[in-house]
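The exercises below ask you to read a protein model step by step, with the sequence and the coordinates at hand. Try each task before turning to its solution.

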Amino acid sequence: MNLETFRTYCISMKGVTEELPFGPETLVYKVMGKMFALTSLNDFTGFNIKVVPETGAELRERYAEIKEAYHMNKKHWITVNPTGSISDKLMKTMIEESYGLVVGGLTKKLKLELDGL
């Protein structure tokens with residue numbers, strides 16, 4: 001997966017915005033204002049996504065390309081190296097699951113707003 005594929009895939013999901021809240025180098029994807037993925041614009045050697053803690057632990061054990069997320073809650077976030085042996089299909093599935101976790105945590109009001117988009 002390359003940066004453009006990552007960007008296109010993230011932004012294609014319902015209610016997603018692409019932002020630069022941490023400065024011009026860190027690209028952040030949010031659904032209804034809540035972050036579900038981020039990466040560096042300058043060096044696409046990894047992207048961070050939200051995970052269920054047990055799933056994150058399993059993925060880190062299974063794939064050398066998956067680590068605890070730098071500067072994030074290590075229990076709930078992982079960093080995926082997109083240049084390794086992990087397929088684009090699996091990476092897209094992980095991104096979808098991150099999106100789903102965030103959507104699942106939205107307030108009822110925001111979920112209704114998202115449904116209306």
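A residue counts as exposed when its relative accessible area is over 50%, as buried when that area is under 20%, and as partly exposed in between. The model is a predicted one, and the exercises should be read with that in mind.

**Exercise 1. Two residues with positive phi**

Task: Find where Met32 and His71 lie, and decide for each whether the residue is buried or exposed.

Solution. Begin with the backbone, where most residues other than glycine have a negative phi. Met32 has a phi near 55°, a positive value in a residue that is not glycine, and His71 likewise has a positive phi, near 60°. Next, place them along the chain: Met32 belongs to the loop between β2 and β3, while His71 belongs to the loop between β5 and β6. Last, apply the cut-offs. The relative accessible area of His71 is 65%, so His71 is exposed, whereas Met32, at 14% relative accessibility, counts as buried.

**Exercise 2. The order of the strands**

Task: Work out the order of the strands in the sheet, and say which strands stand at the edges.

Solution. Start with the pairs. β1 and β2 pair in the antiparallel sense over four bridges, with Glu19 opposite Val28 in β2. The two strands form a hairpin with six residues between them, and Gly23 in the turn has a positive phi of about 115°.

Go on to strand β3 (residues 34-40) and strand β4 (residues 47-50), which pair in the antiparallel sense over three bridges. Among the facing residues, Thr39 stands opposite Phe47 in β4, and Leu38 has Asn48 in β4 as its bridge partner. A hairpin of six residues joins β3 to β4.

Then follow β4 to β6, to which it is joined by four bridges in an antiparallel run; here Lys50 has Trp77 in β6 as its bridge partner.

Put together, the sheet is open, has six strands in the order β1-β2-β3-β4-β6-β5, and is antiparallel in its pairing. Because β1 (16-19) and β5 (66-68) each have a single partner strand, they stand at the edges, and one side of each is left without a neighbour in the sheet. From one strand to the next, the twist averages 25°.

**Exercise 3. The helix on the sheet**

Task: Establish which strands α3 touches, and then decide whether Ser98 is buried or exposed.

Solution. First take the helix as a whole: α3 packs on the sheet and touches β1, β2 (26-31), β3, β4, β5 and β6 (77-80), and its direction makes about 45° with that of β4. Then turn to Ser98, which lies in helix α3 (residues 88-104). Setting aside neighbours within four places in sequence, Ser98 is in contact with Phe36, Ile49 and Lys50. With a relative accessible area of 0%, Ser98 is buried.

**Exercise 4. A loop residue before the helix**

Task: Locate Ile86, and list the residues with which Ile86 is in contact, leaving aside its neighbours within four places in sequence.

Solution. Ile86 is found in the loop between β6 and α3. Its relative accessible area is 5%, so Ile86 is buried. Its contacts beyond those neighbours are Tyr63, Glu65, Ile66, Val80, Met91 and Met94. As a further step, check the distance to Met1: the two residues are 85 residues apart along the chain, yet their C-alpha atoms are separated by 9.1 Å.

**Exercise 5. The largest pocket**

Task: Give the volume of the largest pocket, and identify which element gives the most to its lining.

Solution. Rolling a probe the size of a water molecule over the atoms shows where empty space is left. The largest pocket has a volume of about 330 Å³. It is lined by 15 residues, of which Thr26, Leu38, Ser40, Asn48 and Tyr70 are the closest to its centre. The elements that give two or more residues to this lining are β3 and β4, and β3 gives the most, with three residues. Sorted by character, the lining of the largest pocket divides into five nonpolar, eight polar and two charged residues.

Note on methods. Residues are numbered from 1 along each chain as its sequence is written. This is a predicted model: local features need pLDDT of at least 70, side-chain atom pairs count only at pLDDT 80 or more; totals for chains, interfaces and linings use all residues. Side-chain values use heavy atoms; hydrogens and water are left out. Buried means under 20% relative accessible area, exposed over 50%, partly exposed in between (1.4 Å probe, protein chains only). Contact means heavy atoms within 4.5 Å. Two strands pair if DSSP finds at least two bridges between them. Axes are lines fitted to C-alpha atoms, for helices over the stretch in contact, and angles run from 0 to 180 degrees between N-to-C directions. On a 1 Å grid over the protein atoms alone, a cavity is a set of points where a 1.4 Å probe fits but cannot get out, and a pocket is an open set with protein on both sides within 12 Å along at least five of seven lines; lining residues have an atom within 4 Å of a point. Grid points are joined across faces, edges and corners, and a volume is the space filled by probe spheres set on the points. Ala, Val, Leu, Ile, Met, Phe, Trp, Tyr, Cys and Pro count as nonpolar, Asp, Glu, Lys and Arg as charged, and the others, Gly among them, as polar.
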